[in-house]
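Colleague: I am new to this structure. Please pick one part of it and take me through that part closely, step by step.

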Amino acid sequence: MSERDHYHMGQALALALQGRGLASPNPMVGAVLVRDGRVVGQGVHRYGQRKHAEVWALEQAGDRARGATLYVNLEPCCHQGRTGPCCRSIVDSGITRVVVAMRDPNPLVAGKGQEWLTSAGLEVTAGVREEEARRLNEAFAKYISCRKPFVTAKVGATLDGRIASGSGPPQWITSPESRQRVHRMRLEADAVLVGIGTVLQDDPLLTDRSGQPRTRPLLRVVLDSRLRLPPDSRLASSRSQGDIIVFCGRRPNRDRRRTLEETGIEVIPTSGAGGRVPFAPVLEELGRRQVVGLLIEGGGEINFEALHGQVIDKLVCFLAPRILGGQAVAMFGGAGFPRLDQAPPLAFSRVERIGPDLMIEAYPKSSGPAVDQPH
């Protein structure tokens, strides 16, 4: 990989990031066309505008695309979808070289795009800044493979892992800087999920307040086996700010269901053991609705159920420089793991200072990208 390839792929990755909140359920893709050392075309994919990043870049470049090099963070598509195959447009434009960060995990592509380009006589270089590209579209990679959302569990806690004091009204534990980062995570997600305990305790809105545009409204999901969601809660009263789904037990109270549905909230009964709403049918239904990224912002019980059920694909902890101790609420509750060797191992991938707090990112060792050194 040359320094020039590294640099221009960085430009493509930066462009792809502009697709946050705007590309789903498609991947975030940026494209840069370079001829004689100069950028002659750029493109970003936004779902509402249909055209792929490569096509936008080609249109901007016009005749200057002939003999140019295309840098794109995801393998160009070779199939007919909402748009025609990008590979055909690339070949027809006269581009002579294509530099790709990562192979498209979509089974309809999965290397076929690169084969199309090489068979047409173009030089293809793959794997440039691949790890960054994989992180960028990790949610899409899972969704397109199994049609279930990539699940990120977000936890805000004290240094000793407590998410709330044992008494008194709810209080913010993490800093405004951390909370702003969480809103960026909501921007990147298609849905946010909590348990009814969090709603009753904190009365959250669960809206995306990043201030950035998004193509799809943030879907707000509540696991509420007995339909205890108060109709006058801030969540239920803000129906106009995004769709709300409540997953409940198999035989919900008819009056409570009718009350919620009359406010515009969708109620979906599910069957599960122990009076709890199981994650499996929830994830299946969200996948059916093209939820690519799901953000869990639950309490200790929901967090443990998700961890124990191997639902979590990535864990993001915001740790504040405070210690509560005593009977304060732990960020993972439930029954716990009786032995250390039964606890699922995690691989730290990133540590970052966010205001006065630390953000720690980790993946279950059975999934996720390779681990970076903390910085």
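**Helix 4 and the sheet beside it**

Modeller: Start on the outer side of helix 4: E115 and S119 are exposed there. Exposed means over 50% relative accessible area, buried under 20%, and partly exposed in between (1.4 Å probe, protein chains only). Helices (H or I, at least four residues) and strands (E, at least two) are DSSP runs, numbered from the N terminus.

A word on the source. This is a predicted model, in which local features need pLDDT of at least 70 and side-chain atom pairs count only at pLDDT 80 or more, while totals for chains, interfaces and linings use all residues. Residues are numbered from 1 along each chain as its sequence is written, and side-chain values use heavy atoms, with hydrogens and water left out.

Now the other side. Helix 4 spans residues 112–119, and its buried residues are G113, Q114 and L117. They lie on the same side of the helix because they cover an arc of only 95° around the axis. That arc is taken from the directions from the helix axis to the C-beta atoms. An α-helix has 3.6 residues a turn, so residues three or four places apart point the same way.

What covers these buried residues? The cover includes helix 3 (86–93), strand 4 (97–102) and strand 5 (123–126). Just after helix 4, G121 takes a positive phi of about 95°.

Strands 4 and 5 lead us to the sheet. Five strands form an open sheet in the order 2-1-3-4-5, with mixed pairing. Two strands pair if DSSP finds at least two bridges between them. Strand 2 (38–44) and strand 5 are the edge strands, each pairing on one side only. On average, neighbouring strands are turned by 15° against each other, direction ignored. Axes here are lines fitted to C-alpha atoms, for helices over the stretch in contact; angles run from 0 to 180 degrees between N-to-C directions.

Strand 1 (residues 30–35) pairs with strand 2 in the antiparallel sense, over six bridges. V34 has V39 of strand 2 as its bridge partner. Helix 2 (residues 53–61) packs on the sheet and touches strand 1, strand 2 and strand 3. Contact means heavy atoms within 4.5 Å. The direction of helix 2 makes about 140° with that of strand 2.

Last, strand 3 (residues 69–74) holds N73. N73 is buried, at 0% relative accessible area. Its side chain reaches the backbone oxygen of M28 at 3.0 Å. N73 also touches residues including A101, M102 and N137.

Definitions and conventions
Polar contact = N/O pair within 3.5 Å; in protein donor to acceptor, adjacent residues only side chain to side chain.
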